[in-house]
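Thank you all for coming; I would like to take you through one model this morning, beginning with a single side chain and working outwards from there. Please have a look at the sequence and the structure before I start.

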Amino acid sequence: MRRSESVSMPLPSGRYGIAIDPERLKGEVDEKMKLAHELGHCATGSFYNKYAACDVRRKHENRADKWAIQHFLSENDLDEAVADGSTDIWSLAEHFEVSVDFMKKAVCWYTYGNLAVEEYMNF
């Protein structure tokens, strides 16, 4: 795990393994986000190896992110938080105890149906 902060992989037993480098964690929210993402890889079977093309990697990373968003932050919960006054990305991230990056992806997913944060979030 020299380069990766976290990784998941299928095991020969038919189960999955997740490893997170505790030395590189920035706190509890970071650990939560990494675990949610890696669980997404395991739940969707979205794995690739170091030789995979960039578009294949992005496809599998997006699947893991979408799974994490749908299982850790529902669209209804997001709507309720906005109705209660959490209307910017930072307050939403704080409200849900997730990273700003995760929150941006969740808003894009539920608003536009994709994870193209760079196309919609101008900050």
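Which side chain does the side chain of Lys 105 join through a polar contact of 2.9 Å? Before I answer, let me say that this is a predicted model, so please keep that in mind throughout. The partner is Asp 65, whose side chain is joined to that of Lys 105 by the polar contact. Lys 105 sits in helix H5, and with a relative accessible area of 19% it counts as buried, because the cut-off for that word is under 20%. If we set aside residues up to four places away in sequence, Lys 105 touches Asp 65 and Ile 69, and also Asn 114, Leu 115 and Val 117.

Asp 65 brings us to a second residue, since it is also among the residues that His 37 touches, together with Glu 61, Ala 64 and Ala 68, again not counting residues up to four places away in sequence. His 37 lies in helix H1 and, at 13% relative accessibility, is buried. Its side chain makes a polar contact with the side chain of Glu 61, at 2.6 Å. The C-alpha atoms of His 37 and Ala 68 are separated by 5.6 Å, although these two residues are 31 residues apart along the chain.

His 37 and Glu 61 also lead us to the largest pocket, which holds about 910 Å³ of space. The lining of this pocket is made by 29 residues, and those closest to the centre are Ser 6, His 37, Glu 38, Tyr 48 and Glu 61. At least two lining residues come from each of strand S1 (6-10), helix H1 (28-44), helix H2 (54-72) and helix H5 (100-112), and H1 gives the most, with 6 residues. As for the chemistry of that lining, 13 of its residues are charged, while 8 are polar and 8 are nonpolar.

Let me turn now to the nonpolar side of the model. The largest nonpolar core contains 23 residues, and the ones that touch the most other members are Leu 73, Leu 78, Phe 96 and Met 103. Two or more residues of this core come from each of H1, H2, helix H3 (75-83), helix H4 (89-96) and H5, with H5 giving the largest share, 7 residues. To take one of these residues in more detail, Leu 78 is in contact with Leu 73, Leu 92, Phe 96, Met 103, Val 107 and Tyr 110, once its neighbours within four places in sequence are left aside.

I will finish with two residues that sit in loops. Glu 97 is placed in the loop between H4 and H5, and is exposed, with a relative accessible area of 53%. What is the value of phi for Glu 97? Phi is near 55°, which is a positive value in a residue other than glycine. For context, most residues other than glycine have a negative phi.

The other is Asp 21, found in the loop between strand S2 (16-20) and H1; is this residue buried or exposed? Asp 21 counts as buried, at 18% relative accessibility. The C-alpha atoms of Asp 21 and Gly 85, which are 64 residues apart along the chain, are separated by 36 Å.

Key. Residues are numbered from 1 along each chain as its sequence is written. This is a predicted model: local features need pLDDT of at least 70, side-chain atom pairs count only at pLDDT 80 or more; totals for chains, interfaces and linings use all residues. Side-chain values use heavy atoms; hydrogens and water are left out. On a 1 Å grid over the protein atoms alone, a cavity is a set of points where a 1.4 Å probe fits but cannot get out, and a pocket is an open set with protein on both sides within 12 Å along at least five of seven lines; lining residues have an atom within 4 Å of a point. Grid points are joined across faces, edges and corners, and a volume is the space filled by probe spheres set on the points. Helices (H or I, at least four residues) and strands (E, at least two) are DSSP runs, numbered from the N terminus. Ala, Val, Leu, Ile, Met, Phe, Trp, Tyr, Cys and Pro count as nonpolar, Asp, Glu, Lys and Arg as charged, and the others, Gly among them, as polar. A nonpolar core is a set of buried Ala, Val, Leu, Ile, Met, Phe, Trp, Tyr and Cys residues joined through side-chain atoms within 4.5 Å. Buried means under 20% relative accessible area, exposed over 50%, partly exposed in between (1.4 Å probe, protein chains only). Contact means heavy atoms within 4.5 Å. A polar contact is a pair of N or O atoms within 3.5 Å; within protein, one must be able to donate a hydrogen and the other to accept it, and residues adjacent in sequence count only if both atoms are side-chain atoms.
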